[in-house]
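Here is a short walk through the model for someone opening it for the first time. The points start from a single residue, move out to the whole chain and then come back to a few local spots.

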Amino acid sequence: MPSTSFSQSLRQLWAHHVFSYSLRVFIALTGSMALCWTLGRMDLLIPLFLGIIASALAETDDSWEGRLQALLVTLACFAAAAFAVELLFPFPWRFAAALALSSFGLTMLGALGERYATIASGTLILSIYTMIGIDQRGGPPVDLWREPLVLVAGAAWYGVLSVLWQALFSTQPIQQSLARVFRELGQYLKLKASLFEPVRHLDVEKRRVELAQQNSRVVAALNAAKEIILHRVDNGRPAPQVNRYLKLYFLAQDLHERASSSHYPYNALAEAFFHSDVLFRCRLVIRQQGKSCLALARAIELRQPFDCVDQTQALDDLQTSLAHLRLQSNPAWRHLLRSLGALADNLVHLDRLLHDARNPDALAEAQDSSLFDREPQSLGEAFGRLRQQMTPASRPFRHALRLAVALSVGYGLLHLIHPSQGYWILLTTLFVCQPNFGATRRRVRQRIIGTVLGLLAGWALFELFPSLLVQSLFAVIAGVVFFATRASHYTLATAAITLLVLSCFNQVGDSYGLIWPRLVDTLLGSMIAGLAVFLILPDWQDRQLNRVLANTLACNARYLRQLMQQYRSGKRDDLAYRLARRDAHNADAALSTTLAGMLMEPEHFRREADVGFRFLVLSHTLLSYLSALGAHREQLPEAECRPLLDEAAGRLADSLEEIARELAGNRPVAVHNEAEQTLLQRLEQLPEEQDDGLRLVQNQLALIAGQLAPLRSLAAPLQPNPAH
């Protein structure tokens, strides 16, 4: 039994997404440390370690062929940057100009996509590492090639490990990304179940906000999984193993659409069926489906069979409860019972999808399995995107300009006051300066606290363990901890990288002399980054709120148009439909992220936060009503009411786009619209249709129409923001 438990623990460790990353770093750092000890050349340790760190930070996800290509590009960028620093270092004015231009240009490359942003960021980091190395040895040597060669050698060593790892374990990143998708979906369903509490006057608004925030995490996980799978699809033809995970990805998209569906306001359901067990049964089924999603995530991670919970009895009990309510013949419940019936049908299909996940290979091929690649496909397209971003209204442009100015100021400051180890100021500024004030403020706090903790840990460990061999072990462990925690616990990661630096410097000199300079440089670099993001074209979230709200409504309008097209021609998950659906969820997630960032800004710049969160509740509710239309897609039969439904959907989409245009143009939004009120009345007064599909579309369009007046009421008082 203990051996089985140990084996299971190893499988869980291996499946963890951070483990493989940390293991590669451990091998790279240990190998470099062993080489330096064997050769007796501890002077090579620091540049080798810095090269490894820069290469690991610049690592992009791809197939082994794509990763090899990215590695060659990364090494070329690293070599060019290191040699440029060596050549320009003796000439401060030229160096300052090159630093500003290169930091601006490399940061702007991030506008092309995450892969470009990662390599560009790694190149900037290695440039500053080269400066630190030159400063450490007291100036540039006669042979300019030595430091860049060692830095690039360390980067190449880690890069080779990365390529080999990807060749050996090519599907591991897909498994980990899909496991994350189903884990986030499981949490979403658990939150969704809480809306079915059979409690009167439930605070639905608060739970809607939590649900919208969780939805943003689901969307982020889906987007990440899509990119990882896309990089492993050769010419649109996935390998059999990848095809299996591609089917699971499409299944996750269907699950997400059904999970995010809403069929009626929850408070109305709780008020009407307070004395019934029907809401309790709905909540029970949804909670169990959330648990099944979590179990599926675990099965994917551990490569184990997925045993889905059998909910046949629970679903049958739900149908029995609904049948009992229908027998009571309460006219006031007619629409509510239809909505509950649609909900029950949705839960049956959701349960069927979870059972299908037990054998993905048996799933039918998607009608359209193409994935949309958002990265530029040609050099001309890349230049076109960069040209569009070359304006102060662009967020990447503002961040690039702020970073260029901040690094230039840091360079000028270290020449003005000549601090010991002054180039750590630039490194701190680079890591701390984020695209907005809230993220920078959080990073400043984490960086300072982490640095203090790392310095204290280093001082204590060096006193307790004076052996250089033991300290070299601390350096390797600290490096692994840094990469294992940098995405989730930045304070701990900063403490770890500080300890690594102290341990490395202690191998070639006296690290005690680095403690105070490192602390002072961290404070100065943080101050420069904070002032830059506060003073230079600041990206206050309330100034972006109108644009983000407009994008949310415009994307919902496109989603609605695609939905109605599906009801005319029949269900088809083609690329156009999936893009419209994904854009709507991305816009919803962007609004949630914007509001979260606004809460971290000074009080003067979050005056519209309350309105923004109320708008988030309404827009996420609107998206839920649209998702319900998506969950029940089918070709509708011809009927007298069909023209009215098509006309109503078109007018609703037009209204959403109209409100979006007014918000985006900073123009006042009309509070009242008689045509929308008339449309809502006409939808509510349609004759009782026999076809369930027509009834469902009628009901969902009426719910969407009911959201327009509250949306207008919230949008009308929003203060116009100046163009940026």
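1. Let's start with Gln434. Gln434 counts as buried because its relative accessibility is 17%, and the cut-off for buried is under 20%. Do keep in mind that we're looking at a predicted model. As for its place, Gln434 sits in the loop that joins helix H17 (424-432) to helix H18 (437-464).

2. Which residues does Gln434 touch, once neighbours within four places in sequence are left aside? The partners are His399, Arg402, Ala439, Thr440, Arg443 and Val533. For a sense of distance, take Gln328: 106 residues separate it from Gln434 in sequence, and the two C-alpha atoms are 60 Å apart in space.

3. Now compare that with Ala529, which lies in helix H21. Ala529 and Gln434 are 95 residues apart in sequence, yet C-alpha to C-alpha they are 8.2 Å apart in space. Ala529 has 0% relative accessibility, so it counts as buried. Not counting residues up to four places away in sequence, Ala529 is in contact with Thr429, Val432, Cys433 and Thr440. Thr440 also appears among the contacts of Gln434.

4. The helix just before the Gln434 loop deserves a look too. How many of the residues of H17 are buried? It's 9 of the 9, so H17 is largely enclosed by the rest of the structure. The buried residues of H17 include Trp424, Ile425, Leu426, Leu427, Leu430 and Phe431. Thr428, Thr429 and Val432 are buried as well, and two of the contacts of Ala529, Thr429 and Val432, are made here.

5. Stepping back to the whole protein, the secondary structure consists of 27 helices and 2 strands. The C-alpha trace spans about 90 × 65 × 45 Å along its principal axes. Is the radius of gyration in agreement or at odds with a compact globule? It agrees, because a compact globule of 724 residues would come out near 27 Å and the protein has 29 Å.

6. A few more overall numbers. Of the 724 residues, 55% count as buried. The accessible surface is about 30,900 Å², with 60% of it belonging to carbon and sulfur atoms. Among contacts with a separation of 6 or more, 83% link residues 24 or more positions apart.

7. On to the empty spaces. Rolling a probe the size of a water molecule over the atoms shows where empty space is left. The second largest pocket has a volume of about 920 Å³. Its lining is made of 41 residues, and those nearest the centre are His263, Ser339, Asn699, Gln700 and Leu703. By class, that lining has 15 nonpolar, 14 polar and 12 charged residues.

8. Which helix gives the largest share of the lining of the second largest pocket? That is H27, with 12 residues. Several helices each supply at least two residues to this lining, including helix H9 (204-230), helix H11 (266-272) and helix H14 (334-356). Helix H24 (609-631), helix H26 (674-684) and helix H27 (692-715) do so too.

9. Cavities next: a search of the whole structure finds 4 of them at 30 Å³ or more. The largest cavity has a volume of about 110 Å³. Helix H4 (64-88) and helix H7 (146-168) each supply at least two residues of its lining. The lining residues include Ser55, Glu59, Arg67, Leu71, Tyr158 and Val163. By class, the lining of the largest cavity has 5 nonpolar, 5 polar and 2 charged residues.

10. Finally, two backbone angles to check. Leu537 is not a glycine, yet its phi is positive, about 40°. Leu537 belongs to the loop between helix H21 (512-535) and helix H22 (541-569), and it counts as partly exposed because its relative accessibility is 33%. Asn666 also has a positive phi, near 55°, in a residue other than glycine. You'll find Asn666 in the loop between helix H25 (642-664) and H26. With a relative accessible area of 25%, Asn666 is partly exposed.

Terms used: Residues are numbered from 1 along each chain as its sequence is written. This is a predicted model: local features need pLDDT of at least 70, side-chain atom pairs count only at pLDDT 80 or more; totals for chains, interfaces and linings use all residues. Side-chain values use heavy atoms; hydrogens and water are left out. Helices (H or I, at least four residues) and strands (E, at least two) are DSSP runs, numbered from the N terminus. Buried means under 20% relative accessible area, exposed over 50%, partly exposed in between (1.4 Å probe, protein chains only). Contact means heavy atoms within 4.5 Å. On a 1 Å grid over the protein atoms alone, a cavity is a set of points where a 1.4 Å probe fits but cannot get out, and a pocket is an open set with protein on both sides within 12 Å along at least five of seven lines; lining residues have an atom within 4 Å of a point. Grid points are joined across faces, edges and corners, and a volume is the space filled by probe spheres set on the points. Ala, Val, Leu, Ile, Met, Phe, Trp, Tyr, Cys and Pro count as nonpolar, Asp, Glu, Lys and Arg as charged, and the others, Gly among them, as polar. The radius of gyration is taken over C-alpha atoms; the globule rule is 2.2 Å times the number of residues to the power 0.38. Accessible areas come from the Shrake-Rupley method with a 1.4 Å probe; for residues, only the protein chains shown count as cover.
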